[in-house]
Amino acid sequence: MGSWEDGAPAIGIDLGTTNSCVAVWKHDRIEIIPNDQGNRTTPSCVAFTDSQRLIGDGAKNQIARNPANTIFNAKRLIGRRFSEVMVQEDIKLMPFRVIQGPSDMPKVAVTHKGHEQQFSMEEISSMVLAKMKEIAEAYIGSSVKNAVITVPAYFNDCQRQATKDAATIAGLNVVRMINEPTAAAIAYGVDNRFDGKKNVLIFDLGGGTFDVSLLTIDGEGKFEVKAVAGDTHLGGEDFDNRMVNYCVEDFKNKWNKDLRGNQRALGRLKVACEKAKRILSYDTQVSIELEVLLDGIDFSLKITRAKFEELNKSFFEDCIKQLETCLVDANMYKGDVDEVILVGGSTRIQKVQSMLQEFFDGKELCKNINPDEAVAYGAAVMAANLCEIVGERMKVVIPRNTPIPTKKTMTFTTDKNNQTCMAVMVYQGEQTRSRDNFLLGLFTISGIPPAPKRASVVEDCFEIDANGILTVTSKVVSTGKTKSLTVTNLSGRLSKHEIEKMVKDAEKFKLEDQEFKRKAEAYNALEDYIYDLENKIKRKDLPPKDLNSLRDAISDTKEWLSTGNVADVNEIERKKGILEFISLLAFSN
């Protein structure tokens, strides 16, 4: 495995709804990289307080006391319109404020350092991606630029572009964006060698999305996607929300008070419901207990596993319906499936496993790959394999300054034997390498008849109308099947100028975070030094004069710290330096 031209390896990132994971090829194997807390996954969570910004574990740990300024589930909103029915339903249960931004874009409004600030979902996701980048850099020991990032198979062009914009803001170059089930299949293929071919079903139920994919994998780890199905809006968060709704109704019935009007109470309840759901994966009942939830009222409710399953019955049934759709699209029967691989934390739910096993007539489910890490693992394998490819050739179809309206057509041939689909990536720019240009959109044309490489032809037509709207249409010449992409100013959502501004804002946030960390470290160092000095005074006799002057200096410093008006790192270090000088004089006599 090689590295990119800057010497640093490319990383694989699973940007999840609930948790994210990063991996890299190192020491001749894939390493899942732990974060600064030692955890192999990091909450996709960003929090803003009066003094700092928190990302990951730190953000999630304070969500119950700061729900209005702790953002999660950005993946559910990214690339969507604020006015969408699903978005409106989602934000009803979100304890933070979601507002309508420009071009019907959802934005979050938070209070940070005493001021209201608004962020797009791309910016929030970029903060999580920047955290994963930072985690990787600490482990690798060098700067990281290139990454393979995964997205749900059913993400549309706008959602994919928005995710890529988030990566750009985070300072990452997306060398490839692959579907999460595909990444999981790669992970399975790497660790399992066998003769012949296997039909493998990837059942990926995460925190916010559900994908089911059927692939054929051979003994060398090569695979072909036969069909995909799923729902970009189904996952663990929905199961949590059903429990939250149940608890809200129970509270309303008992006390005639609506928790939905109190963000803090709702945030605490959501955290408790998520924890309860996890417990029900291995226990048959759980008690949700929250002291002083609203207006001095304590909340207590026992939920059985059976009740949890009843609350989410429709969601579980939807999973099976999508599974049936996938089989039909692949022209397969369930008996044709050799392996059923579980991916995503929500597959730990007992009902999900029992329904799957029952659907496949008692077949054992494959659990030998970690459901939380499989997607990042596969992304890192892809990243390592791409290391030998330094960029891809860019072919200019419509040169700049071409009068509009205009229409140009190009033909492409398959580059692999039995290739049944082709990715079409549309860029703006004229740089030699495609990755140096601006990605406007991408889609996949499938249904290409299997044939030797170079035998099948796909015709791509690029048309710009008088309004400057670009439509790209791909046609499989032998069958006439077509697929189109229309690129308007909404497809990219963010303009190049907006992205550049967000990159600068992200860098500013990074510097502020670093300054806060330095300040906190200096503050702690001063407090530790005062503590050591006071212990030293107890152990050693000092002349009254020296003792009094040292005690006065310590008292003045402690009083200065207690005011909370600590200026900056230099001021803290100056105070520590003065104490060190006075103590040196006192103990040297």
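This passage describes selected helices, strands, loops and cavities of a predicted model. Residues are numbered from 1 along each chain as its sequence is written, and side-chain values rest on heavy atoms, with hydrogens and water left out. Local features were required to have pLDDT of at least 70 and side-chain atom pairs pLDDT 80 or more, whereas totals for chains, interfaces and linings use all residues. Helices (H or I, at least four residues) and strands (E, at least two) are DSSP runs numbered from the N terminus.

An open sheet of three strands has the order β8-β9-β10 with antiparallel pairing, where two strands are taken to pair if DSSP finds at least two bridges between them. Its edge strands, each pairing on one side only, are β8 (97-100) and β10 (115-120), and the twist averages 40° from one strand to the next. Here axes are lines fitted to C-alpha atoms, for helices over the stretch in contact, and angles between N-to-C directions run from 0 to 180 degrees. Strand β9 (residues 106-112) is joined to β8 by four bridges in the antiparallel sense, and within β9 the bridge partner of Val 98 is Val 108. Helix α4 (residues 121-140) packs on this sheet and touches β9 and β10, its direction making about 90° with that of β10; contact means heavy atoms within 4.5 Å.

Six cavities of 30 Å³ or more are present in the structure. A cavity is a set of points on a 1 Å grid over the protein atoms alone where a 1.4 Å probe fits but cannot get out, and its lining residues have an atom within 4 Å of a point; grid points are joined across faces, edges and corners, and the volume is the space filled by probe spheres set on the points. The second largest cavity holds about 60 Å³ of space, and its lining consists of Leu 15, Gly 16, Thr 17, Ser 44, Ala 74, Lys 75, Ser 125 and Val 128. Two or more of these lining residues are given by each of α2 (74-77) and α4.

For helix α7 (residues 236-255), the expected span is 1.5 Å times one less than its number of residues, so that its 20 residues should span 28 Å, in agreement with the 28 Å between its end C-alpha atoms. Among its buried residues (under 20% relative accessible area, against over 50% for exposed and in between for partly exposed, with a 1.4 Å probe and protein chains only) are Phe 239, Met 243, Val 244, Cys 247, Val 248 and Phe 251. Asn 256, with a positive phi near 55°, follows the helix.

Strand β16 (residues 285-294) pairs with β17 over seven bridges in the antiparallel sense, Leu 294 having Ile 297 as its bridge partner in β17. In a regular strand the side chains alternate between the two faces of the sheet. Strand β17 (residues 297-304) accordingly shows a covered face of Ile 297, Phe 299, Leu 301 and Ile 303 and an uncovered one of Asp 298, Ser 300, Lys 302 and Thr 304. The two strands form a hairpin with two residues between them, and Asp 295 in the turn has a positive phi of about 50°; at 57% relative accessibility this residue counts as exposed.

Two further loop residues are also exposed, Asn 331 at 70% relative accessibility and Asn 417 at 54%. Asn 331, in the loop between α10 (313-329) and β18 (339-343), has a positive phi near 60°. Asn 417, in the loop between β19 (406-413) and β20 (421-428), touches Ala 451, Pro 452 and Lys 453, residues up to four places away in sequence not being counted.

Definitions and conventions: On a 1 Å grid over the protein atoms alone, a cavity is a set of points where a 1.4 Å probe fits but cannot get out, and a pocket is an open set with protein on both sides within 12 Å along at least five of seven lines; lining residues have an atom within 4 Å of a point.
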